[in-house]
Amino acid sequence: MYIVLLGPPGSGKGTQAEVLSRVFDAGHLSTGDLLRDILENQDHPLYPKVQVIKEGRLVSDEVVNQVVEDGLKRPEFRNGAIFDGYPRTPAQAAALDRMLAARGKKVDVVIDLDVTKDVLLYRLLGRLVCPRCKRIFHERQGLAECPDCGVELVRRGDDNEETIMQRLEEYKDKTAVLQDYYRNSPAVYIRLRISDASKTAGDVQEEITDRLRQHNVI
Ligand SMILES: [Zn+2]
């Protein structure tokens with residue numbers, strides 16, 4: 001099973017990818033994680049091309065595609081992959097189609113998490129992070145310290161309304177063409193509107209499961 005998750009920063013893509021990865025016994029392929037792994041290893045052949053991230057620049061499509069293609073060779077992806085943060089452009093989507101076609105596979109499902117502005121603001125503005133283990137909490141949980149590390153939780157510096165809105169607009173601009181790409185592809189396209197901030201990750205997970213059933217994917 002190969003599933004692509006689309007959604008703006010704060011949409012909960014990573015959490016849902018983890019769940020789907022267990023449901024389908026497929027690896028969770030996060031390009032953010034793969035790129036961080038490379039940044040921690042100066043001997044990696046792609047290190048010189050990836051380290052532009054440190055200067056705040058974007059890694060080229062070509063390099064990201066290579067990172068994904070290498071990643072897919074890992075054993076955890078033998079049954080499929082749940083893509084989180086990839087593809088971001090139609091060129092990347094076309095490259096992914098080619099990589100999968102070479103294995104006789106294709107993107108089976110695209111799940112587009114359409115989270116409203118209000119829900120994103122509620123989630124991100126109330127977000128607290130453990131500086132040690134990086135686990136994310138929400139202020140509604142009423143925690144002052146990380147239950148695992150006992151370290152005081154902090155707010156992320158870039159989580160303010162202006163930057164959140166800016167990231168959302170950028171995301172929408174960039175993603176429209178990718179949404180068109182997948183709507184015109186053979187993949188099952190599931191768009192899930194999330195407009196209620198009280199919905200938990202578990203609620204969203206149930207809705208995804210229902211929709212996958214409707215499409216006879218599970
Ligand atoms: Zn912690």
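A search of the whole structure, which is a predicted model, turns up 2 aromatic pairs. Phe83 and Tyr86 make a tilted pair, with 6.2 Å from centre to centre and 50° between the planes. Tyr181 and Tyr182 have ring centres 5.2 Å apart and planes at 85°, so this pair is edge-to-face. Here are the four rings with their accessibility.

| Residue | Relative accessible area | Class |
|---|---|---|
| Phe83 | 0% | buried |
| Tyr86 | 0% | buried |
| Tyr181 | 25% | partly exposed |
| Tyr182 | 1% | buried |

The neighbours Tyr181 and Tyr182 fall into separate classes because buried means under 20% relative accessible area: Tyr181 has 25%, while Tyr182 has 1%.

**The nonpolar cores**

Two of these aromatic residues lead straight into the interior. The largest nonpolar core has 34 residues, and Phe83 and Tyr182 are listed with Leu72 and Leu96 as those with the most contacts inside it. Several elements each supply at least two residues of this core: strands E1 and E3 (81-84), together with helices H2 (31-39), H3 (47-50), H4 (61-71), H5 (90-101) and H7 (161-183). Helix H5 gives the largest share, 5 residues.

What does Tyr182 touch, leaving aside its neighbours within four places in sequence? Its contacts are Val4, Pro87, Ala93, Leu96, Val107, Val110, Ala187 and Tyr189. Apart from the largest core lies another one, of 25 residues, with Phe24, Val109, Ile194 and Leu212 among them.

**Strand E4 and its partners**

Next comes strand E4, which covers residues 109-115. Is this strand enclosed or exposed? Since 7 of its 7 residues are buried, E4 is largely enclosed by the rest of the structure. In a regular strand, side chains alternate between the two faces of the sheet. On one side of E4 the buried residues are Val109, Ile111, Leu113 and Val115; on the other they are Val110, Asp112 and Asp114, so that both faces are covered.

Two parallel partners of E4 can be picked out. Strand E1 (residues 2-6) is joined to E4 by 4 bridges, and Ile3 stands opposite Val109 there. Strand E8 (residues 188-194) is joined to E4 by 7 bridges, also in the parallel sense. Within that pairing, Leu113 has Leu192 of E8 as its bridge partner.

The two cores can be picked up again from here. Val109, the residue opposite Ile3, is one of the members of the 25-residue core. Val110, which lies on the other face of E4, is in contact with Tyr182.

**An antiparallel sheet**

Elsewhere in the chain, 3 strands form an open sheet in the order E6-E5-E7, with antiparallel pairing. At the edges are strand E6 (136-138) and strand E7 (154-155), each of which pairs on one side only. Helix H6 (residues 117-125) packs on this sheet and touches E5, E6 and E7; its direction makes about 35° with that of E5. Strand E5 (residues 127-129) pairs with E6 over 3 bridges, and Leu128 stands opposite Phe137 in E6.

**Cysteines**

Finally, how many disulfides does a search of the whole structure find? The count is 0. Cys130 is buried, at 0% relative accessible area. Cys146 is also buried, with 2% relative accessibility.

How values were computed: Residues numbered from 1 in each chain as written. Predicted model: local features only at pLDDT ≥ 70, side-chain atom pairs only at ≥ 80, totals over all residues. Heavy atoms only, no water. Disulfide = S-S within 2.5 Å. Buried < 20%, exposed > 50% of the residue type's maximum accessible area, 1.4 Å probe, protein only. Pairing = 2+ DSSP bridges. Contact = heavy atoms within 4.5 Å. Axes fitted to C-alpha atoms, helices over the stretch in contact; angles between N-to-C directions. Phe/Tyr/Trp six-rings, centres within 6.5 Å; stacked < 30°, edge-to-face > 60°. Core = buried A, V, L, I, M, F, W, Y, C linked by side-chain atoms within 4.5 Å.
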